[in-house]
Structures are given as C-alpha cells and as structure tokens.
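Please open the structure in your viewer and keep a selection panel at hand. The stops below can be followed in order.

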Amino acid sequence: MIKTVGVVSLSAGTLGEDFVRHELELGVRRLEHYGLKVRFLPHALKGIDYLKAHPEARAADLLEAFRDPEIDLILCAIGGDDTYRLLPYLFDEGRLEKAACRKPFLGFSDSTVNHFMLHKVGLPTFYGQSFLSDVCEMDKEMLPYTRRYFEELLRTGTIRQVEPSEVWYEGRTDYSPACLGTPLPAHPAEGWKLLQGPPVFSGKILGGCLDTIHDFFDGERYADMPALCQKYGLFPGAADWQGRILLLETSEEQMSPEKFSRALGFLKQAGVFKAVSGILFGRPMDNVHREEYHRRLAAAVDDPALPILADVSVGHALPRCILPFGVNARVDAQAQTITFDAP
C-alpha cells in the first residue's frame, strides 16, 4: 500500500507558479483524504523559470525520490517539453542506475522520456496520469474512471486489468479559480476500436506520447535533443522492441496529420513496427484528427496482420487509465480488456 507520495517536476515547473496554487491545494487535500503523506521534492515548487534553467536540480529530485525509503510512489507534477536535458545528470557516472529501485513511477506526456530513462536501467513504470492533470482536476472530484485506476495503484502498487471508459470528456480550457467545481462536457464512448489484425495479442507495453517520440529524432523543437538521446542510447533498439506492445498517444498540440505521419516514419525506420506484437493507440484529445490518425497509422505500419487497437483512454485525452510498463499484458479487443500479470 502506498503511504507517501513524492511529487517531482521533471519537465515544466508549472506547479510552483501562483496561477495554479488553487489546483495544488485541491490536489494535496485529495491525497491527504486518502491518508497519504505528500512530499514535494526540494525543487518541485521552484517555478517555471528556475527549473527551465536548472535541469540538474530536476535530476537531483528524481534521484532523491528513489533514494528516500519513505517515498512509496514517485508522481510527476505535469509534463512539459525538455526533460531530455536531465540525461547527463542522470546517466553520467551511472547516477540513475545506482539510485533506482523498485517503486512506482507515474507520469505521461513529456515524461515519456523519463519512462525510457527508467526502462534503460531496467525499471518497470506506470504511464497515464500526473498530479496537476489528474489529482488536481477542478471538478468536485477526480474523474471517476481516472480515480478508479489511481486508487488501485495506491491500494495495491499495481494495475491488474484495464477496461474502456463509458465516456470521454472535452479538454478543459479555463483553469482559473472561478472554475473550481465545474464539470467537463462529457460524451458517450463506444469502447476500443480494433483497426486491424487479430483481436488478442500480448507483450510488455512500452511507448508514450508520439509528439515527444518525434523529438527523439527531429530537432525542430530542440536542436540538441536527437544528438543527446543518441549519445545516451535512450531510444530502444529494434531488438529491445521485439515482442512488445507499442503504446502511442498524442498531445494537446493536436499535431497535423502530416507531422503525425512523419513521426510514425521515424518509428518505421527504427524497425519498431516489424518488431512489436501489436499497437495501442490512445484517443486524441477532443477526437481531433481521430479518423485521419487511424488511417495514417495503418498506412505507416503497412502490415494488416499487426493488431492495432485504438481509442484507448490513456495519455492526453480524458479520462485516463494507467498502463503498467515492464509486465506482460494480454489485450483482448473482443472482451474489451487489457490484463496484466502480477509484478
């Protein structure tokens, strides 16, 4: 059972800004309602400008969160876009490998990079939620589907089965204090959609936000990111992808279909599609480009025998489940379940 949550800001320092103070206080109350102790690592609340200028401080917080025996769950504050800059401070002299130990790490979006970092040192992780985006949801309570999996992780330290959400929500656009307690517009969801291939497949899940994965290979956003990721061997080679299930989801930037195809092209060139046993694709936020993404994903894979299951409630679209990385998963599109082996 999780007793102490350590909150880290490994990407953007948004959590330390006054304009989200009402959300932070709401999230802390919710965690304390579960009887949890909440620890903000020393630099987690230093704000956007400080953390942008000090990637070494963000790295130090992650190392401390692993070293501290009282912290049971490492929870990312939010995503962002430059956590790759932690690489030298985590991998030079084997710092991360020496500090890392088996405890749940939960985050999504730019935290995709952190998941690959921890995969590199052999640690399983959990993808799909963050403190500011989920625990601090401004409705009167956490979204029920989201809360269901967050509570399971708190209670058991793992996730054993995921099912589809019955609804999807439009993304929130106003985060001002006046919106506290306001619900999000909800729409019926029709379950997961099998785009192609057999309905049952299995393997260990790995992947994350396609926008972030694109930046592993393309320096449009950060010119030095591809070289730095290559220097530290952050993106797994084709052999490491063998038999895995690839998870992909897209961000609030709602990338154009053309960029979507370019990003998939990098994965194809890396041999990922030929290695994996199947693909899980998250529902895009507000269903923007949904059907076009589906079409382009199938075209990029160019193998109708490779199963692709779409509209999974994971990543940026609301609500959000939690998917374990590093344990075997069995996907059954007919039964509409993803079942995980015990850790």
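With which residue does glutamate 93 form a salt bridge? Select glutamate 93 together with arginine 95, its partner in the salt bridge, and you will find the closest N and O atoms 3.6 Å apart. Keep in mind throughout that this is a predicted model. Glutamate 93 is exposed at 60% relative accessibility, whereas arginine 95 is partly exposed, with a relative accessible area of 28%. The pair belongs to a total of 19 salt bridges in the structure.

Next, select helix H8, residues 144-156, which holds both arginine 147 and glutamate 151, placed 4 residues apart, or about one turn of the helix. Their side chains form a salt bridge with an N to O distance of 3.6 Å; arginine 147 is partly exposed at 22% relative accessible area, and glutamate 151 is partly exposed at 28%. Now add arginine 148 and glutamate 163, whose side chains meet in a salt bridge at 3.4 Å, N to O. Because arginine 148 lies in helix H8 while glutamate 163 sits in the loop between E6 and strand E7 (167-169), this pair ties together parts that are 15 residues apart in sequence. For a further selection, take Lys52, Arg58, Asp81, Asp82 and Arg85, which salt bridges with shared partners join into one network.

Turn then to the open sheet of 8 strands, which has mixed pairing and runs in the order E6-E16-E15-E10-E11-E12-E13-E9. Strand E6 (161-162) and strand E9 (193-196) stand at its edges, and each has a single partner strand, so one side of each is left without a neighbour in the sheet. Within the sheet, select strand E10 (residues 200-209) and strand E15 (residues 328-332), which run antiparallel and are joined by 5 bridges; glycine 203 in this region stands opposite alanine 329 in E15.

For the interior, select Phe131, Val162, Leu267 and Leu280, which touch the most other members of the largest nonpolar core, a set of 104 residues. Centring on leucine 267 and leaving aside residues up to four places away in sequence, you will find contacts with Leu210, Ile213, Phe235, Leu246, Leu248, Val272 and Phe273.

Finally, colour the cysteines: the structure holds 0 disulfides. The sulfur of cysteine 76, a buried residue at 1% relative accessible area, is 13 Å from the closest cysteine sulfur, in cysteine 209, and is therefore too far for a bond. Cysteine 321 is buried at 0% relative accessibility, and its closest cysteine sulfur, again in cysteine 209, is 15 Å away, too far for a bond.

Notes. Residues numbered from 1 in each chain as written. Predicted model: local features only at pLDDT ≥ 70, side-chain atom pairs only at ≥ 80, totals over all residues. Heavy atoms only, no water. Disulfide = S-S within 2.5 Å. Buried < 20%, exposed > 50% of the residue type's maximum accessible area, 1.4 Å probe, protein only. Core = buried A, V, L, I, M, F, W, Y, C linked by side-chain atoms within 4.5 Å. Contact = heavy atoms within 4.5 Å. Pairing = 2+ DSSP bridges. Helix = DSSP H or I, 4+ residues; strand = E, 2+ residues; numbered from the N terminus. Salt bridge = Lys/Arg side-chain N within 4 Å of Asp/Glu carboxyl O.
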